[in-house]
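User: I should like to learn how to read the features of a protein model. Could we work through an example together?

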Amino acid sequence: MVDVAKQTARFTVPELRDEHQVKAIKRALGRIPGVLSVSANVQSNQVAVDYDGSGADVRKIGDRLQGLGMDARLSGSRDHTM
């Protein structure tokens, strides 16, 4: 069995207002190679992204959010092993 490093990045996105934006974020971030899952909470203005680092990193994720017109700020990150 091979251990895969999984990471989670959390972003605060003040502009996150509705489910339409959530869908757009999930679609855009899901296209980044290595992104495993994306969750977003409109009430807390948070986006969490699990990724394996094979093609994704915090910078790419943040850049993609910025490209959607979001003022995303990294609020935390964590490494895991799966």
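User: Is Val47 buried or exposed?

Analyst: The model is a predicted one, and burial is judged from relative accessible area, with under 20% counting as buried. Val47 has a relative accessibility of 1%, so this residue counts as buried. Val47 belongs to strand 3.

User: With which residues is Val47 in contact, leaving aside its neighbours within four places in sequence?

Analyst: A contact requires heavy atoms within 4.5 Å. By that criterion, Val47 touches Ala9, Arg10, Phe11, Val13, Leu16, Ile25, Leu29, Val38, Ser39 and Ala40. A distance between C-alpha atoms is another kind of reading: Val47 and Gly69 are separated by 22 residues in sequence and by 14 Å in space.

User: What pattern of helices and strands does the protein follow along the sequence?

Analyst: The order is β-α-β-β-α-β, built from two helices and four strands. Strand 1 covers 5-12, helix 1 covers residues 19-30, strand 2 covers 35-41, and strand 3 covers residues 46-51.

User: How does one judge the overall form, and what is the radius of gyration of the protein?

Analyst: One compares the radius with the value for a compact globule of equal length. For 82 residues that value is near 12 Å, and the protein has 12 Å, so the two agree. Along the principal axes, the C-alpha atoms fill a box of roughly 40 × 20 × 20 Å. Of the 82 residues, 34% count as buried. Among contacts with a separation of 6 or more, 66% come from residues 24 or more positions apart.

User: What supplies the exposed area, and how many charged side chains are there?

Analyst: About 4900 Å² is exposed, of which carbon and sulfur atoms supply 47%. There are 12 positive and 10 negative side chains, and the centres of the two sets lie 4 Å apart.

User: How should I read a buried polar residue, and with which side chain does Asp50 make a polar contact?

Analyst: One looks at accessibility and then at the partners. Asp50, in strand 3, has a relative accessible area of 18% and is therefore buried. Its side chain makes a polar contact with the side chain of Thr8 at 2.5 Å. Beyond neighbours within four places in sequence, the contacts of Asp50 include Lys6, Gln7, Gly34 and Leu36.

User: Which backbone nitrogen lies 2.5 Å from a polar atom of the side chain of Gln21?

Analyst: The backbone nitrogen of Arg17 does. Gln21 is located in helix 1 and, with 18% relative accessibility, counts as buried. Outside its neighbours within four places, Gln21 is in contact with Glu15, Leu16 and Met70.

User: What is the phi of Asn45?

Analyst: Most residues other than glycine have a negative phi. Asn45 has a positive value, near 55°. This residue sits in the loop between strand 2 and strand 3, and its 17% relative accessibility makes it buried.

User: With which residues is Pro14 in contact, its neighbours within four places left aside?

Analyst: They are Asn45, Asp71 and Arg73. Pro14 lies in the loop between strand 1 and helix 1. Its relative accessible area is 27%, so Pro14 is classed as partly exposed. From C-alpha to C-alpha, Pro14 and Ala48 are 14 Å apart in space, with their positions 34 residues apart in sequence numbering.

Terms used
Residues numbered from 1 in each chain as written. Predicted model: local features only at pLDDT ≥ 70, side-chain atom pairs only at ≥ 80, totals over all residues. Heavy atoms only, no water. Rg over C-alpha atoms; globule rule 2.2 N^0.38 Å. Buried < 20%, exposed > 50% of the residue type's maximum accessible area, 1.4 Å probe, protein only. Areas by Shrake-Rupley, 256 points an atom, 1.4 Å probe, with all protein chains shown as cover. Lys, Arg positive; Asp, Glu negative; His and termini not counted. Charge placed at Lys NZ, Arg CZ, Asp CG, Glu CD. Polar contact = N/O pair within 3.5 Å; in protein donor to acceptor, adjacent residues only side chain to side chain.
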